[in-house]
Amino acid sequence: QVQLVESGGGLVQPGGSLRLSCAASGTASGRILRIYDMGWYRQAPGKQRELVAIITFGGNTNYVDSVKGRFTISRDNAENTVYLQMNSLRPEDTAVYYCNANSNFGGYWGQGTQVTVSS
């Protein structure tokens, strides 16, 4: 069983910044949790959930085109934590942001955190 706890969402004006965090924890029958890929997805009202950014254990990253140059994904492997630094936020970035982690226990989702970009 793995838990993903997200934080950092909120209301911000266009052009502002937010930093999301997601910490993974868990154990199963004495096995040590090993996190592989971690990523951030988002879902806006009436739209499908989309991948925003993903980072491998080794630090390779990939971004959806709409956030390239504005968002940065990073991780702390020792803490099983992934971050999403979001700069130059736009109203179209408004969505619920979900953390995702693939591990030796399987794939898991966080509960979601709301990001609203509005003046």
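These are my notebook entries on a predicted model of one protein chain.

**Entry 1: the whole chain**

I started with the secondary structure. The protein chain has eleven strands and zero helices. Read along the sequence, the pattern is simply β-β-β-β-β-β-β-β-β-β-β.

Next I looked up the overall size. The C-alpha atoms fill a box of roughly 50 × 25 × 20 Å along the principal axes. I also checked the radius of gyration: a compact globule with 119 residues would come out near 14 Å, and the protein chain has 14 Å, so the two agree.

Then I turned to burial and surface. Of the 119 residues, 41% count as buried. The accessible surface comes to about 6200 Å², and 46% of that belongs to carbon and sulfur atoms.

I wanted to know about contacts across the sequence too. Taking contacts between residues at least 6 apart in sequence, I noted that 53% join residues at least 24 apart.

**Entry 2: the four-strand sheet**

In which order do the strands of the open four-strand sheet come? I wrote down S1-S3-S8-S7, with antiparallel pairing. S1 and S7 (71-76) stand at the edges with a single partner strand each, so one side of each has no neighbour in the sheet. From one strand to the next, the twist averages 15°.

A reminder to myself: strands of a sheet pair through backbone hydrogen bonds, either parallel or antiparallel.

I went through the pairs one by one:

- S1 and S3 run antiparallel and are joined by six bridges. Val2 has Gly26 in S3 as its bridge partner, and Val5 stands opposite Ala23 in S3.
- S3 and S8 pair over six bridges, in the antiparallel sense. Here I found Ser21 opposite Tyr83 in S8.
- S7 and S8 (residues 81-86) run antiparallel, with six bridges between them. Thr72 has Gln85 in S8 as its bridge partner.

**Entry 3: the two faces of S1**

I followed the side chains along S1 (residues 2-7), and they alternate. Which ones are buried? Val2, Leu4 and Glu6 point to one face and are buried. Gln3, Val5 and Ser7 point to the other face and are not buried. I noticed that Glu6 is in the buried set, so I double-checked the cut-off: buried means under 20% relative accessible area.

**Entry 4: the disulfide**

How many disulfides does the structure hold? I found one. For the record, a disulfide is a covalent bond between the sulfur atoms of two cysteines.

This one joins Cys22 to Cys99, with 2.1 Å from S to S. The angle about the S-S bond is -80°, and the link is left-handed. Why did I care where the two cysteines sit? Cys22 lies in S3 (residues 18-26) and Cys99 in S9 (residues 95-103), so the pair ties together parts that are 77 residues apart in sequence. That puts one end of the link in S3, a strand I had already met in the sheet of Entry 2. Are the two cysteines buried or exposed? Both Cys22 and Cys99 are buried.

**Entry 5: a look at Gly106**

Last, I picked out Gly106, which is found in strand S10 (residues 106-109). Its relative accessibility is 26%, so Gly106 counts as partly exposed. I also checked how far Gly106 is from Thr56: they are 50 residues apart in sequence, and 15 Å apart in space, C-alpha to C-alpha.

Terms used:
Residues are numbered from 1 along each chain as its sequence is written. This is a predicted model: local features need pLDDT of at least 70, side-chain atom pairs count only at pLDDT 80 or more; totals for chains, interfaces and linings use all residues. Side-chain values use heavy atoms; hydrogens and water are left out. A disulfide is a pair of cysteine sulfur atoms within 2.5 Å. Buried means under 20% relative accessible area, exposed over 50%, partly exposed in between (1.4 Å probe, protein chains only). Two strands pair if DSSP finds at least two bridges between them. The radius of gyration is taken over C-alpha atoms; the globule rule is 2.2 Å times the number of residues to the power 0.38. Contact means heavy atoms within 4.5 Å. Accessible areas come from the Shrake-Rupley method with a 1.4 Å probe; for residues, only the protein chains shown count as cover. Axes are lines fitted to C-alpha atoms, for helices over the stretch in contact, and angles run from 0 to 180 degrees between N-to-C directions.
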